[in-house]
Amino acid sequence: LLLEPHAASGVQVLRQTGWLAALMPELEACVDVLPFGFHHLNVLEHSIEALRVLLELFPNASLETRVATLLHDVGKPASKIWDEARGRWSFFGHDDMGARLVIGILERFGFEAVLIERVSLLIARHMIRLPADETQAARFVRRQRALLPDLLHLMLSDREASRGASSSAEARYAYQLGFERVLSAMNAHDAVKPLLSGREVMDTLELSPGPLIGQALEFLAQLQADAEISTPDQARDALKR
């Protein structure tokens, strides 16, 4: 269903026939989280609207992005608490909660582990701030490159599906500027050839494949972007230090 062009309408049919509650009660529970702040719809309707926006803006969006967009706020019912200071409900940590919940949901449907991991990461990071300037944009791309452009597509669809009292044309325009900064930084980032490959990093540090290699490549990319290193030998020396 999610691979269809009108997937959002299909999810509405599931809801109207009772199948959504039977198949995905975690998402159905979002109907009880009412409109607030930037949102003009309850969280379930917002999630479906975000999926509709995604497929309108990015009709070739990946399956991972479609799943993540539909389920990006699934952690809100479980993280809902009353904020006395601000006099409203708060959903602090709903991104991390949703990232954990979605693993069980997608395992129930038999999705592959690689897809589940990517969806979980997209949901965990969908609340990060877009950059306010070019320096922040370059840092954003270095840190999130593995999830791009899917993460951007999710974030923009989420924002465009939110038209509540706190929303405004100015806020949406500012968000669009941040989006464009990241796209520009992605092009610049991809045009720069890394000084060392992953294999060369492993040989230099005498390590096996794993998350440390990605951290090392990120470390070198940061130094290269800051013009602190410019040759493979300097990169190796930096790693050894």
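## A walk through the helices, starting in H4

Start in helix H4, where glutamate 56 and arginine 52 are four residues apart and therefore separated by about one helical turn. Helices here are DSSP runs of H or I with at least four residues, strands are runs of E with at least two, and both are numbered from the N terminus. Before you click further: this is a predicted model, in which local features need pLDDT of at least 70 and side-chain atom pairs count only at pLDDT 80 or more, while totals for chains, interfaces and linings use all residues. Residues are numbered from 1 along each chain as its sequence is written, and side-chain values use heavy atoms, with hydrogens and water left out.

**Stop 1: the H4 charges.** Show the side chains of Glu56 and Arg52, and you'll see them meet in a salt bridge at 2.9 Å, N to O. The term means a side-chain nitrogen of Lys or Arg within 4 Å of a carboxyl oxygen of Asp or Glu. Glutamate 56 is exposed, at 55% relative accessible area, and arginine 52 is partly exposed, at 36%. (Buried is under 20% relative accessible area, exposed is over 50%, and partly exposed lies in between, with a 1.4 Å probe and protein chains only.) Now add Glu49: Glu49, Arg52 and Glu56 are linked in a network of salt bridges.

**Stop 2: zoom out.** Colour by secondary structure and you'll find 14 helices and two strands. The C-alpha trace spans about 60 × 40 × 40 Å along its principal axes, and 41% of the 241 residues count as buried. Switch to colouring by pLDDT, the predictor's confidence in each residue from 0 to 100. The chain averages 90, and 97% of the residues score at least 70. Among the elements, H5 has the highest mean, 98, and strand E2 (residues 88-90) the lowest, 78.

**Stop 3: the big core.** Select Leu51, Leu71 and Leu106, the residues with the most contacts inside the largest nonpolar core, which has 47 residues. Such a core is a set of buried Ala, Val, Leu, Ile, Met, Phe, Trp, Tyr and Cys residues joined through side-chain atoms within 4.5 Å. Helices that each supply at least two residues of this core include H1 (7-17), H4 (43-57), H5 (63-71) and H11 (169-191). H4 gives the most, with six residues. Centre on leucine 71 and list its contacts (heavy atoms within 4.5 Å). Leaving out residues up to four places away in sequence, leucine 71 touches Met24, Leu27, Val102, Ile105, Leu106 and Ile123. Then go to Leu196, Leu220, Ile229 and Leu239, which are among the twelve residues of a second, separate core.

**Stop 4: H10 and the bond before it.** Pick leucine 148 and proline 149: a cis peptide bond joins them, with omega about 5°. Proline 149 sits in the loop between H9 and H10. Move on into H10, which is mostly covered, with ten of its eleven residues buried. Among those buried are Asp150, His153, Asp158 and Arg159. To see what covers them, show H4, H5, H8, H9 and H11, which are included in the cover.

**Stop 5: around Phe91.** Phenylalanine 91 is in the loop between E2 and H7 and counts as buried, at 9% relative accessibility. Its contacts, again without residues up to four places away in sequence, are Val33, Phe36, Lys76, Ser79 and Lys80. For a sense of scale, put a distance on its C-alpha and that of aspartate 150: the two are 23 Å apart.

**Stop 6: the end of H7.** The side chains of arginine 108 and glutamate 26 form a salt bridge at 2.9 Å, N to O. This pair links distant parts of the chain, with arginine 108 in H7 and glutamate 26 in helix H3 (residues 25-28), 82 residues apart. Next select phenylalanine 109, in the loop between H7 (94-108) and H8 (113-124). Together with Trp19 and Leu23, Phe109 makes a nonpolar surface patch of about 310 Å². Patches take residues with over 30% relative accessible area and no salt bridge, joining like charges within 9 Å and nonpolar side chains (Val, Leu, Ile, Met, Phe, Trp, Tyr) within 5 Å; the areas come from the Shrake-Rupley method with a 1.4 Å probe, and for residues only the protein chains shown count as cover.

**Last stop: Glu206.** Glutamate 206 is in the loop between H12 (198-205) and H13 (211-225). Its phi is near 55°, a positive value in a residue other than glycine, and glutamate 206 is exposed, at 72%.
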